Amino acid sequence: MSNGFNVAVVGATGAVGNEFLRLFEERNFPIRNLKLLASARSVGKQMQFRGETLTIEEATKESFDGIDFAFFSAGASRSRELAPAAVEAGAVVIDNSSAFRMDPAVPLVVPEVNPFALTPNTRLVAVPNCTAIILLVAVNPLQALGKIDRLIVSTYQSASGGGAKVMDELIYETEQAVSALRGVPGDGSGREKVLPHPYAFNLFSHNTPINEHGYNDEEWKVIQESRKILDQPELRVNVTCVRVPVIRAHSESVTIEFAGEAPSEAQIREVLAKAPGVQLVDDREANAFPMPITASGQGDVLVGRIRKDLSHPNAISMFIAGDQLLKGAALNAVQIAELILNTGQPIDSFA
Ligand code: NAP
């Protein structure tokens with residue numbers, strides 16, 4: 001492989017892991033050697049990268065000797081177990097799981113929003129929850145128009161947010177449901193279910209545990225992580241997270257309440273048109289607004305349906321959609337690594 005860094009991907013076989021490989025190629029990330037790690041189940045499987053065949057190895061604490069960047073996307077318990085060993089071995093760890101996000105010592109970074117949270121000593125960076133990233137890429141630029149006091153968010157979250165098995169479940173259940181509608185008996189395979197409810201032609205409250213306040217884990221992450229990223233511990237956030245039968249890309253209905261009178265639609269459009277990582281899709285005449293199908297495969301967060309909230313003088317509403325496997329996970333992680341490389345931050349200690 002070319003000159004560059006020794007890179008490891010933990011969780012390479014997963015939905016996010018696959019996107020890492022595509023992004024490294026697409027963005028020409030400087031890689032000398034790429035090590036693909038997953039569970040013992042995947043040892044020996046092969047994946048293609050830049051025309052080479054790479055073989056999956058099991059992720060263990062010994063996997064990180066000589067690694068410069070380790071991208072983790074294998075769940076929070078794997079990160080808790082293996083990320084400290086990777087840091088100890090000298091790697092910069094960029095972690096997509098929730099393991100370290102709320103640790104005050106760990107920067108929680110969306111490059112368009114808070115790149116300054118990285119410091120020269122950063123060895124471990126957390127990638128925020130996908131729903132929070134998509135939300136903040138769209139909301140943060142509006143702080144230029146006035147202090148934001150409160151966010152009211154409803155989400156429409158896709159199968160890919162739950163990983164490869166949930167995507168497979170949606171496809172399988174859709175096929176079965178269509179067969180049933182046509183009067184054809186299902187395959188009766190008794191397939192093991194990942195989600196707790198029927199998924200095809202249905203939607204349900206996000207499938208994470210509910211806490212003592214009545215919020216599920218996903219909602220709680222959006223609240224806490226948004227406050228940390230924006231450095232606004234008092235920010236009021238009301239969020240309802242819902243899983244919908246969409247294969248890829250999350251959508252969110254967002255109402256933003258400012259401390260004073262809301263800016264005009266023209267001001268909002270002007271700011272968002274220039275905002276990094278944002279694409280305006282706001283054609284009232286054509287009734288064309290952000291959709292998950294158009295957000296899929298894109299790095300940008302699509303923003304539209306921008307309008308005054310006629311029920312409150314301080315509020316505006318909009319609708320957004322973003323590919324949570326990309327901007328909500330792998331792309332955000334690669335952008336963090338690029339930021340570290342471009343500013344020469346912790347990289348100076350590399351051999
Ligand atoms: P996924 O498709 O289910 O993939 C999980 C990956 O983790 C697979 O590569 C799997 O390897 C690996 N893994 C599981 N158990 C392991 C073990 N004991 N040791 C080593 N590797 C193990 O899930 P995903 O959607 O890619 O999500 C992965 C992580 O990214 C999670 O922490 C998730 O919260 C986070 N994330 C996901 C999204 C998203 O949109 N999906 C967004 C933001 C963050 P095998 O193939 O060998 O089982």
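Biologist: How many residues surround the ligand, and which are the closest?

Modeller: Bear in mind that this is a predicted model. To count as part of the surroundings, a residue needs a heavy atom within 4 Å of the ligand. That gives 25 residues, and the closest are Thr-13, Ser-39, Arg-41, Ser-42 and Ser-160.

Biologist: How do the residues of that shell divide into nonpolar, polar and charged?

Modeller: Sorting the shell by residue type puts nine in the nonpolar group. The rest of the shell is 14 polar and two charged.

Biologist: What lies 2.8 Å from an oxygen atom of the ligand?

Modeller: Polar contacts here are N or O pairs within 3.5 Å. Backbone atoms supply some: Gly-11 has an N or O at 3.1 Å from a ligand oxygen, and a polar backbone atom of Ala-164 is 2.9 Å from a ligand oxygen. The 2.8 Å pair, though, involves a polar side-chain atom of Arg-41.

Biologist: How much of the ligand's exposed area does the protein bury?

Modeller: Start with the ligand taken alone, which exposes 890 Å². Of that area, the protein buries 78%.

Biologist: Which elements give two or more residues to the shell around the ligand?

Modeller: The ligand sits in the largest pocket. Its shell draws at least three residues from each of domain 1 (5–128 + 329–349) and domain 2 (133–324). As for elements giving two or more residues, they are helix H1 (15–26) and helix H8 (326–343).

Key:
Residues are numbered from 1 along each chain as its sequence is written. This is a predicted model: local features need pLDDT of at least 70, side-chain atom pairs count only at pLDDT 80 or more; totals for chains, interfaces and linings use all residues. Side-chain values use heavy atoms; hydrogens and water are left out. A polar contact is a pair of N or O atoms within 3.5 Å; within protein, one must be able to donate a hydrogen and the other to accept it, and residues adjacent in sequence count only if both atoms are side-chain atoms. Accessible areas come from the Shrake-Rupley method with a 1.4 Å probe; for residues, only the protein chains shown count as cover. On a 1 Å grid over the protein atoms alone, a cavity is a set of points where a 1.4 Å probe fits but cannot get out, and a pocket is an open set with protein on both sides within 12 Å along at least five of seven lines; lining residues have an atom within 4 Å of a point. A molecule sits in a cavity or pocket if more than half of its atoms lie within 2 Å of its grid points. Helices (H or I, at least four residues) and strands (E, at least two) are DSSP runs, numbered from the N terminus. Ala, Val, Leu, Ile, Met, Phe, Trp, Tyr, Cys and Pro count as nonpolar, Asp, Glu, Lys and Arg as charged, and the others, Gly among them, as polar. Domain bounds come from an automatic or database domain assignment.
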